Amino acid sequence: MTLPPDPRTHLASGTTRAVLRIQHRILDTVRAHLTGLGFTELLPPIIGPVTDPGARGAKQVDVDYYGHRYKLMTSAILYKQAALFAFDKIFFIAPNIRLEPLETARTGRHLAEFHQIDVEVAGASRSDILELLESLISRVIEQTLHAEAAALGELGRDTAALGKALLSPFGRRTHGEAVDRLRQRGHDQSSDAEIDWQGEVLLAAEAEQPFLITDYPKGSRGFYDRESEQLPGFLRNFDLIAPEGYGELCSGSERENDYRKIVTRIRETGENPAKYEWYLKAAREGIPASAGFGIGLERLTRYIAGLDSVWQASAYPKVPGVPSP
Amino acid sequence: MTGKLTAAGFPEGLVRARARSGPAAALPALEDYALAMFGGSDTLSRETAHDMMDTLRLVPPILMPRRLEKLIDLGREPLYTDVALDTGVGGFNSPLPLVISALGSTNLAGGHIGNAVARQAGRRGVPMVIGENVVPSSGYGRLGDADHRSLRTRISAYCAELPDGLGGVAVQQSTEDADAEVWNLVYSDPTTLPLLESGRLAFELKLGQGAKPGLGGMSVVDAPDGAATEGQFTVDPVFGTGTSRMLRSATPGTFTQEILHRQIILMRNNFPRARIWVKLPPGRDIATAAGIAWAAGADAVTIDGAEAGTGWAPLSFMDHVGLPLAECLMRIAPGDACCIASGRMWEGTRAVKALALGARAVGLGRAAFLAADEDPERGLLNLLDCCAFEMRLLLSALGKYTVAEVGREDLWGLPPAAAPVSTPANPQPIRTIDSEETP
């Protein structure tokens, strides 16, 4: 696994320029597509008393905020829900900081600093939000193939393979089915946990099109993913997996908005609910039901541009554990 | 630097003697040899308060099929030196069925004694638990807060001495520690990478403690320190206006069956390369809680009996609250699951009795810290060597040569419901043989 060179070498390289042009096109398309559907873009917060606890194994960054322990956002999920007090359909292009476990430096898919296309829709169900996700990803691929053919060519991207994403609706399988498939292939995947990084790569390498994994077990995600009433112990959530071995691009869910359930679920994640004071106050007074997702921008760029490593999709890459400018 | 710690209600003098003399302290004084007569003494227990564990006796049989097995294996008569004490504990390999326990949220474990314990535990390759609110109280030690009390310093001291393939560190996290994200911090830190990569890092979910089941950690703080942590802990001026000292209480955390189950699943999901340990207080539903922990995939469950703890607990709790360790062990049925028993452990007999009641290993808390306080270089090593010497003597007397072979048939004084039965509940071949010896 290569590591980023110095900033001048990285930024001046033709490869980086092609990648960043593609990334710009992705952002441009996302904004146009969502705006066209009536979404409002908000600027996300950077610090707060709490952030998303659902980032597996990663450490949050503490900030001394006038003597209070604040956090840099690992994701703005809680603020996305709060944003629905203002608008029914919102999105952020949000910076996130996660001090990922050191082993992730070798996955090619993790950055300590990255950006997320964060979308939330009041009153939406999982099928509503999946429809939106699929239309958004398809639109982005279509536009990039059309408008960035030169950059994709410069990078040697197999555009025929990328184009297959547009041929039919994204496939779906449940977490349980994904676990079974991995075990068939001799991969020791826990049925209680998220699909591990190696498992995601194995499943992604078998696929020609992006596909969805749904119904993750409770205990593998943050407290804000709603538990299924029909299938207790399983969540109304999903991941989008990119084909050709690229792996996870996006996580999302219907959100829990029942105050009692939120408090109980916070305890199930081992945390002190007192930390979430502002959020719980809002939830007690009534937070809109919603569904949403967050797409890793650099991961999406990596997939579309066909890059070996996700750091190539960042102008200022921070590989976990590696001191970088 | 030494001799400052005290432990009322604990056989401090005997522990300190062991820290000085090692295995020799397990025998009568050398100068009495050939002069004094012995028999029926209560030397070991007279400094200790009697509890249910103390009233049990280890009862060697006369007829010993297991000894015959060992004789055949060795081709000669076995001796106590042939007893193997190594065992698997919560995913780690330990040369002894012993674990160094965390020492509550007082300041006792901070600083040089904590590091002396870590160094010596590491040298012997015995697993060590670190808790004590080290991170919230003393920092982690990565950015400028690197002092001798930090968690990182303790882990480094342990690892610097650790032989290959042995031992491991279990880092505890209570509800308050969760605010400091202790586990996430440790999991992503370069210092702990060698432990993680060799499978020798565990995270211990703490549900409570023996000294005060149902309550969270308690410590005494000066008013300014108390004010600094007021958002995180409850600070109560119970000592009156004549002092700046105040009682600081942590929350015990709320658990239900579902919450416990899910927290363990979440730990496994978030820290797939770490072992998962769970520490339980001596509650009346301990069998249910332990069963949930094992079923959810915990590698070890530590049972902290009511006799455990640093002693910093309300007096009423120390005398009247929580199940005694022996009762806890009788209520649960670890089977092949790993159970670590703690509660006033300091010598071999209590340890072997706990093993006979189903524990895989026992935790040394106060004893380890007193020993390191007595001699920061060798005190704990001597104590461990003395414990090992006694356990070898005891196991060989029982006609058993590995720790897994000890069972309830080796105990006398159990209530009828907990006594071994002639038809073994556990169908392990070794237990089947032993059950024939049941008196």
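**Strand pairing and aromatic contacts in chains A and B**

Strand E7 (residues 201-206) of chain B runs parallel to E11(B), and five bridges join the two. Within this pairing in the predicted model, Phe203(B) has Ile276(B) of E11(B) as its bridge partner. E11(B) also pairs with strand E12 (residues 300-304) of chain B, again in the parallel sense, through four bridges. Here Trp277(B) finds its bridge partner in Ala300(B) of E12(B). To get from E11(B) to E12(B), the chain passes through helix H12 (residues 286-295) of chain B, and the resulting β-α-β crossover is right-handed. How many residues of strand E11 (residues 275-280) of chain B are buried? Five of the six are, so the strand is largely enclosed by the rest of the structure.

Chain B also offers an antiparallel arrangement: an open sheet of three strands in the order E8-E10-E9. Strand E8 (218-222) and strand E9 (234-236) of chain B occupy the edges; each has a single partner strand, so one side of each is left without a neighbour in the sheet. From one strand to the next, the twist averages 35 degrees. E8(B) and strand E10 (residues 245-249) of chain B run antiparallel and are joined by five bridges. One of the residue pairings involves Ser219(B), whose bridge partner in E10(B) is Arg248(B). As a reminder, strands of a sheet pair through backbone hydrogen bonds, either parallel or antiparallel.

Turning to the aromatic side chains, 15 aromatic pairs are found over all chains. Among them is the pair of Phe223(A) and Tyr276(A), which is edge-to-face, with 5.3 Å centre to centre and 80 degrees between the planes. Phe223(A) belongs to the loop between strand E8 (211-214) and strand E9 (237-242) of chain A, while Tyr276(A) belongs to the loop between helix H9 (259-268) and helix H10 (277-285) of chain A, so the pair ties together parts that are 53 residues apart in sequence. Are these two rings buried or exposed? Phe223(A) is buried, with a relative accessible area of 0%, and Tyr276(A) is buried as well, at 1%. Both residues belong to a cluster in which ring pairs link Tyr79(A), Phe223(A), Tyr224(A), Tyr276(A), Trp278(A) and Tyr279(A).

Aromatic rings take part in contacts with arginine too. The charged end of Arg221(A) sits over the ring of Tyr216(A), at 4.2 Å from its centre. A further contact involves both chains: Arg267(A) lies over the face of Phe255(B), 4.8 Å from the ring centre.

Terms used: Residues numbered from 1 in each chain as written. Chains lettered and ligands numbered in written order. Predicted model: local features only at pLDDT ≥ 70, side-chain atom pairs only at ≥ 80, totals over all residues. Heavy atoms only, no water. Phe/Tyr/Trp six-rings, centres within 6.5 Å; stacked < 30°, edge-to-face > 60°. Buried < 20%, exposed > 50% of the residue type's maximum accessible area, 1.4 Å probe, protein only. Lys NZ or Arg CZ within 6 Å of the ring centre and 35° of its normal. Pairing = 2+ DSSP bridges. Axes fitted to C-alpha atoms, helices over the stretch in contact; angles between N-to-C directions. Right-handed = clockwise from strand over helix to strand, strands pointing away.
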